[in-house]
Protein chains: 2
Amino acid sequence: MHTPKDLQKAGLKITLPRLKVLNLFEHSENHHLSAEDVYKELLASGEDVSLATVYRVLTQFELSGILQRHNFEGGKSVFELNFGEHHDHIVCLQCGHLEEFYDPAIEARQKKIAAEHGFAIHDHSLYIYGDCTKDKCPNRRTE
Amino acid sequence: MHTPKDLQKAGLKITLPRLKVLNLFEHSENHHLSAEDVYKELLASGEDVSLATVYRVLTQFELSGILQRHNFEGGKSVFELNFGEHHDHIVCLQCGHLEEFYDPAIEARQKKIAAEHGFAIHDHSLYIYGDCTKDKCPNRRTE
DNA sequence: TGTGTTATTGCAAATGATTCTCAATAAGTT
DNA sequence: AACTTATTGAGAATCATTTGCAATAACACA
């Protein structure tokens with residue numbers, strides 16, 4: 001859980017726009033939101049915050065560790081709450097459906113590979129792209 | 001090796017701009033080039049091709065399998081020749097130095113994970129970010 | 001080897017995502 | 001309540017990339 005206190009800890013003043021964005025991430029059904037998504041959802045619920053501020057707040061939240069930024073294919077950044085535990089993503093190319101996973105074996109191999117190449121690993125990004133079997137998926141893969 | 005024949009195979013006419021771009025990838029020291037890189041290198045060597053054409057050619061080459069596109073952090077796409085064999089990348093956050101690797105164990109785990117989640121895997125992208133130990137690295141990690 | 005048909009190019013304007021400028025405003029402070 | 005400074009909003013600016021359109025180059029064929 002993330003609270004207004006987290007803002008202070010990060011050296012950020014507790015302002016209305018920041019609370020609204022934080023609150024949105026805490027309560028939205030969709031855990032992965034782009035700047036545009038955040039902006040629209042706030043507008044839709046009557047709150048209005050300028051798009052520029054949304055971008056600023058998202059970046060600040062990323063820097064202070066409240067959010068994680070992802071760069072999926074398609075150019076736009078997507079954010080989700082950062083709960084400290086790392087995970088990777090598997091994305092449906094048809095419907096955009098997103099699932100998360102964590103695989104200790106993969107993580108371990110990566111450490112090994114980094115060491116072999118003389119790199120001090122900071123982090124990594126792993127996205128698996130495919131077609132899912134969800135009912136609502138437009139080009140549903142018929143198993 | 002990629003040759004002009006590859007253009008025809010892909011249903012593309014053999015034009016000067018396309019030959020220049022293909023040739024650049026075949027002979028450039030740097031195997032990973034952005035659209036801007038390609039444009040500048042061509043200009044530098046006297047060839048002139050418009051930036052719009054560079055973008056078009058890169059996209060066509062990607063579609064026909066001659067090039068592979070990568071979306072590293074930083075918003076811009078980077079391309080490299082596609083030799084059919086898949087590999088992943090490890091990138092230095094300090095100097096941008098790039099190395100390639102292929103790990104059968106990681107590949108295998110990914111297939112498994114996709115299956116477990118009910119996905120038909122298309123492909124994936126894995127980037128490891130870290131600090132390298134290269135001499136010229138500005139913030140060189142002192143092992 | 002000229003000539004036509006059509007893909008390809010160049011240029012400049014358009015786009016989409018994101019950042020920046022700057023004056024107005026709200027937070028936290030005393 | 002007044003003050004100092006960070007934050008916001010609105011719009012212009014920027015960056016990477018795409019697109020419209022008229023000029024041009026490829027390739028097929030006479």
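In what sense do strand β6 of chain A and β6(B) pair, and over how many bridges? In this predicted model, the two strands, with β6 of chain A spanning residues 120–131, run antiparallel to each other and share 11 bridges. One pairing to look at is that of A:Tyr127, whose bridge partner in β6(B) is B:Ser125.

The strand pairing leads on to the contact between the chains. Chain A puts 32 residues into the contact, and chain B likewise puts in 32 residues. On the chain B side, the elements that supply two or more residues are β4 (88–92), β5 (98–101), α5 (104–116) and β6 (120–131). Of these, β6(B) gives the most, with 12 residues. Sorted by class, the side of chain B that touches chain A comes out at 16 nonpolar, 9 polar and 7 charged residues.

Turning to chain A on its own, helix α2 covers residues 16–27, 12 residues in total. From first C-alpha to last, α2 reaches 16 Å, close to the 16 Å expected at 1.5 Å a residue. Four of its residues are buried: A:Arg18, A:Val21, A:Leu22 and A:Phe25. Looking down the axis of α2(A), these buried residues fall within an arc of 95 degrees, so they line one face of the helix. What sits over them includes α1 (4–9), β1 (33–34), α3 (35–44), α4 (51–63) and β3 (77–81) of chain A. The face turned away from that buried side is where the exposed residues A:Leu16 and A:His27 are found.

Notes:
Residues are numbered from 1 along each chain as its sequence is written. Chains are lettered from A and ligands numbered from 1 in the order in which they are written. This is a predicted model: local features need pLDDT of at least 70, side-chain atom pairs count only at pLDDT 80 or more; totals for chains, interfaces and linings use all residues. The expected span of a helix is 1.5 Å times one less than its number of residues. A residue is buried if 20 or more other C-beta atoms lie within 10 Å of its own, exposed if 12 or fewer, and partly exposed in between; C-beta atoms are placed from the backbone. The arc is that of the directions from the helix axis to the C-beta atoms. Two residues are in contact if their C-beta atoms, placed from the backbone, lie within 7 Å. Ala, Val, Leu, Ile, Met, Phe, Trp, Tyr, Cys and Pro count as nonpolar, Asp, Glu, Lys and Arg as charged, and the others, Gly among them, as polar. Two strands pair if DSSP finds at least two bridges between them.
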